Amino acid sequence: MTSKYKYLGKTTEAVDALEKVIGKAAFGADIHLPGMLYGKVLRSPHPHAKIKSIDYSKALTLEGVKAVITSKDLPSLEDARASFGGELTMDLGQIRKLLLADGKTLFDGHAIAAVAATSLEIAEQALELINVDYEILPVIENALQAMRPDTPLIHPDLYTRTLGEKPKAPSNIGTMLEHQRGDPEKGFAEADVVVEESFETAMVHQGYIEPQACAAWADGDGKVTVWTSTQGIFNTRDQIAALLKITRGRLNVVPMEIGGGFGGKNDNLLQTLTVMLAQKTGRPVKMIMSRDEVFRATGPSSPAYFTVKVGAKKDGEITAAYIKMIYDSGAVPGGPLHLGWVASCGAYSIPNLKIDGYDVVSNKPRVQPYRAPGVTPVVFAIETTMDILAEKLGMDTLKFRLRNCAKEGDYMPDDQKYARIGLKEVLERVASHPHWNTPLEGPNRGRGLAMGMWTGATLSSSALVMVNGDGSATGVSGQVDLTGTRTTTRQIIAEALQLPLEKVQVRVADTESTPYTMTSVGSRTTYAFGTAVYRACQDALAQMKARAAPQLLVDVGDIEYAEGKFWSKKDLEKAVSWNEVARNTQTRGEGMVTGRGSATRLPIAPEFNAHIVDVEVDPETGKASIKRWTAVQDAGLAVNPMQVEGQMQGGVTQGIGWGISEYYYYDKGKLRNPTFLDYRMPTSLDVPMIDTSIVEVPAPDGPYGIRGVGEACIVCPPAAIASAIYRATGVRMNKLPMTPEAVFWAIKAKEKQLVAADGH
Amino acid sequence: MAKIPLVFKVNGEQQEILVQPYQTLLSALRDELRLTGTKEGCSNGNCGACTVIVNGRTADSCLVLAAEANGAEVTTVEGLSQNGQLHPVQKAFMKYGALQCGFCTPGFLLSAKYLLDSNPNPTEHEIRLAIAGNLCRCTGYDKIVRAIQAVAQAEV
Amino acid sequence: MRLFEFAAPKSLEEAYKILSRADADVRALAGGTDLIDQVHQGRRKPSIVMDIKGIPEMKRLAFDREGLHIGAGASCTDIYNFPPVKKNYISIAESAALVGSVQIQNRAGIGGNICNAAPSADTAPSLIVHNARVVIAGPKGQRVLPIEQFFLGPGQNAMAKDEILLGIVVPPPPASSASHYLRFIPREEMDIAVAGVASMVVIDPKSKVCKTARIALASVAPTPVRAKDAEAVLEGHVINEALIREAGEKAINAAKPITDVRGSIEYRKELVKVLTRRTLTKCLETLGNR
């Protein structure tokens, strides 16, 4: 790939790589403070139960135990409906319910109490001395059960949010969404072929390898410092501050390296408990979740149910679509319904569309975002339906998509109009790709294709760029670097200021030292935060020009800058180096240069992609093995191609797990597989090399045409695998995950059908 | 319960510490010696983030008692580079983008070193088998496998 | 982590003394990869964990006229890299190479795998088809048990409270025999067997008649089990495709699986059928009889 830029579009080593390969990078659990206590959480073994009493008097008598907290230690809330941003906004009252069970447990793993003690072992022993009297309540296992009218209510005070008037009675439905454009009825009537299918997807976990970890310490005067691996330090600060009634300025959150988040490290529950224990004991407290706790008590993704109906004319043109989507949000409302809706069939141009959506509670952990929240399940449903429709029309599945793919000027499911997008180019790349054009090898193999999109979050961002006296530059922000933000930020600063990479440093600092910036989610950092960085650079450059002008005795409007040099465009002889101007900032005139940049409410820069997969299915066991994978994605501008490839390959692998092996196995509301042994994430042997192909259709709104790349890559794999399994075996898998056993029984059922058909 | 003495070599240096009889090697390294490069991801041998080399062989240090390591030689990620020179697997992981969040990286580096020490020219399958006990959620393994291949082919 | 004391005896005598302590619940630790996790989860609560790897006899790995001697402390890596195992006990080598990851295999051994007595233990069916014996030792002396009598139920073995496993003796394989182990797992590695099957056949080189067949199953009953009905199908016959199919069907008779997170009763039975066929086919391939 050639790039017209000097530092963008080029692979560079990651800024943080060295610290990470020598074991020096400090993650959430790596902090050690003097006199530190260890905190542990008592968790409910019952998915749904009334808490009649909690007696922790015995625990307090254990030598080494310094404090025990329960929901009684939480301050009351004046405004329980105040919400916090991120991909999924939440009401404070709901967060409070999740933090420490208040009178009632809502899921297996719900926190009941927390202990701080002088050692982890003592804290664990203390948990066993806490006596909780439960009254078991019926378990509402999933959204479908929760929606039935005779099902007991989980929250007696939950009234469905709708666009219409407030419902008269409470229910287990948190939100109902109805959306329509065009005339779906007419559209379906015009169709020559209509396909309607139903789907179900499982609850899966983000699977970050680093468990949640946090340390907190309150000063003598009550000022609190929190060290933690979170996706958003300001989000963490503001949430804790609101729940515990601390002034934001007196709560400093220090970002530690984060060992994977994928949306799952936005909930701040452990952090809040740590602060409470630190406040109560006056000593530093560290808390680290066990893997069991991570599975049971953080926020996995939402399991979902769909009905998809699509109609098309003989020539392949889609005339109408209907989608019913039910997202299970777990213990409290607020699953990814809205995000699922916005992106759902966003890869298609559909004139007549109706979507009904439901956000429903059940006795499971409250869901959190997981990479393109809500979209992977709905794309699985839509793409499988489209695959069936193309087959019924007798059309090649790729040609069908080329015929109907969304383009500039088309509308998203929520009626936003697309600016320039790169889906058609992605599909054209698929059409010309060797993978698509190489015949399959061997028996029991099939090739699948799927396409999908992620809207792309933008939110609010800010950054500072400081020019040092030696001409080097330092970018500072509170933007948590999940997997590459520092590296791309450095490239953007080098490009914008035209400085060599070696002269650019970047740093992620704490909430006390940096301006407010929102959490690192939704593929927004390189695009939206990158815009703030770019603007900070423009600001720094303008200030530098203003410093250079009096030195050259010319008007600032006449100053040009390139490659480390300022000059007057009226008199080329009048020139001064960047370094000299920088040096002078320390002693002269206007003084030091700090560029400030922020970006709020940028237009979206949607990311589109398509995946090709070859699968081999063992017909005797049902096991599907992934033989070959190609992911094609529009990155707008791939700032660092190696990192873009890494994002795509990682997303594919998570998608493979979602597709064939990962799921929460609940037995009457109790999670039976909270280990990496039985929650089966792909190992190195479960995936092939993952081929990537980057398309670059610049986004019109941000700097340099950059689009986010982190999310779209996870939305296609389950659908692509399902399509490949169909072509290998003749069976359609409408339920995730497509485990060997599920595929095996589907093959058996089909064989039976064939035998029965032969008999007639 | 009385603590027991543990005398062992860590990254070439003699260490004499007291550990609890039930303390794991992982905890001794992290909490006593403050060698926090070794990570804890699952505590039951399924993720490999805590991989270290004990007497020449990799082990999940969460499943080794510290007391078992008495007299042993232990290598952690902090001991991979020698005389200020990065180990080839460290260089390769950086150059080929074989890490993202970096949490699983120390374990992968030690598994890769262990493989290459005994099998300098592994096939792709042998590499994948050698790192199957190390979970990575960011990279999809592609670049990790390629980095190890690059070390084998001396392309670092 | 639950609290316990640690002991590391250097001799069997020392170990017996520790085992004789009436006040203590002693668990022997070899690789520790099952035990430490179980203690961590509170599934076992020993008061003393006794590392047996310092006892010279425990690390024994030898092949002589009596057969293969595997000390209770020998690791899977040691075992499958031992040339006589690779050569004569293919099924044992295959199953030892399936126990967890490389890191696990570097610590865990076959001794611990069978003492843990999980129904899913990968090495158990291979030891059964190879007619292994276990040598159990304690303050009252040593005793030898056929491996099939060692497993009493999930997590339960035939050893008394004051006994430990010294090792395993596997007789030399009969001439013209072959053995293989296959398990089914959803991933390619790092899983517990949904079902596992070891098969061993002895063929008369001249007549090609199957003199002996031994088939054992993992993960489909409270203990590893022999599939005797399947064996009977093969013995006394020249094994062909049809007999292999029939043996697969008959192997199901021995399976009494449960439905759990890893698979359903019905699916496990199907897998037993498939894996029995596949291991038998592999045995014949190894013998060059196909």
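Select Ala195(C) in this predicted model and display its surroundings. Leaving out residues up to four places away in sequence, Ala195(C) touches Arg183(C) and Phe184(C), the run Leu217(C), Ala218(C), Ser219(C) and Val220(C), and further along Arg268(C), Leu271(C), Val272(C) and Leu275(C). Ala195(C) also belongs to the largest nonpolar core, a set of 411 residues, where Ile725(A), Ala195(C), Val201(C) and Leu217(C) have the most contacts. Leu217(C) therefore deserves to be kept on display: it is a contact of Ala195(C) and is among the residues with the most contacts inside the core. Within this core, H16(A) provides the largest share, 13 residues.Move next to helix H16 of chain A, residues 525-552, and add helix H15 of chain A, residues 485-497. The two helices pack at an angle of about 35°, and their axes are 9 Å apart. Viewed together, H15(A) passes H16(A) in a right-handed crossing. To see the contact itself, select on H15(A) the residues Thr485(A), Thr488(A), Thr489(A), Ile492(A), Ile493(A), Ala496(A) and Leu497(A). Their counterparts on H16(A) are Thr525(A), Thr526(A), Phe529(A), Gly530(A), Val533(A), Tyr534(A), Cys537(A), Gln538(A), Ala540(A) and Leu541(A). Coloured by class, this contact shows ten nonpolar and seven polar residues, with no charged residues.

Remain in chain A and select Lys407(A), which is found in the loop between helix H12 (397-404) and helix H13 (423-432). Is Lys407(A) buried or exposed? Lys407(A) counts as exposed because it has 12 C-beta neighbours inside 10 Å. Apart from neighbours within four places in sequence, Lys407(A) is in contact with Ser349(A), Ile421(A) and Lys424(A). Add Ala347(A) to the selection: its C-alpha atom is separated by 8.6 Å from that of Lys407(A), although the two residues are 60 residues apart along the chain.

The interfaces between chains come next. Where chain A meets chain B, the contact takes 47 residues from chain A and 42 residues from chain B. On the chain A side, helix H1 (17-21) and helix H18 (641-660) each supply at least two residues. Select H18(A) in particular, as this helix gives the most to that side, with eight residues. By class, the side of chain A that touches chain B divides into 22 nonpolar, 17 polar and eight charged residues.

Where chain C meets chain A, the contact takes 17 residues from chain C and 17 residues from chain A. Helix H11 of chain C, residues 265-287, contributes the largest share of the chain C side, four residues. That side of chain C has ten nonpolar, two polar and five charged residues.

For the domains of chain C, colour domain 1 (5-51), domain 2 (59-170) and domain 3 (177-287) separately. The centres of domain 1 and domain 2 of chain C, taken over C-alpha atoms, are separated by 18 Å. Their contact takes eleven residues from domain 1 of chain C and 16 residues from domain 2 of chain C. Select helix H1 of chain C, residues 12-20, for the largest share of the domain 1 side, five residues. The domain 1 side comprises six nonpolar, four polar and one charged.

The tour ends in chain B, which is divided into domain 1 (4-79) and domain 2 (88-152). The C-alpha centres of these two domains of chain B lie 21 Å apart. Their contact takes twelve residues from domain 1 of chain B and eleven residues from domain 2 of chain B. Strand S3 of chain B, residues 51-54, is the element to select here, since the largest share of the domain 1 side, three residues, comes from this strand.

Technical notes: Residues are numbered from 1 along each chain as its sequence is written. Chains are lettered from A and ligands numbered from 1 in the order in which they are written. This is a predicted model: local features need pLDDT of at least 70, side-chain atom pairs count only at pLDDT 80 or more; totals for chains, interfaces and linings use all residues. Axes are lines fitted to C-alpha atoms, for helices over the stretch in contact, and angles run from 0 to 180 degrees between N-to-C directions. A crossing is left-handed if the near helix is turned anticlockwise from the far one by less than a right angle, and right-handed if clockwise. Two residues are in contact if their C-beta atoms, placed from the backbone, lie within 7 Å. Ala, Val, Leu, Ile, Met, Phe, Trp, Tyr, Cys and Pro count as nonpolar, Asp, Glu, Lys and Arg as charged, and the others, Gly among them, as polar. Domain bounds come from an automatic or database domain assignment. A nonpolar core is a set of buried Ala, Val, Leu, Ile, Met, Phe, Trp, Tyr and Cys residues joined through C-beta atoms within 7 Å. A residue is buried if 20 or more other C-beta atoms lie within 10 Å of its own, exposed if 12 or fewer, and partly exposed in between; C-beta atoms are placed from the backbone.
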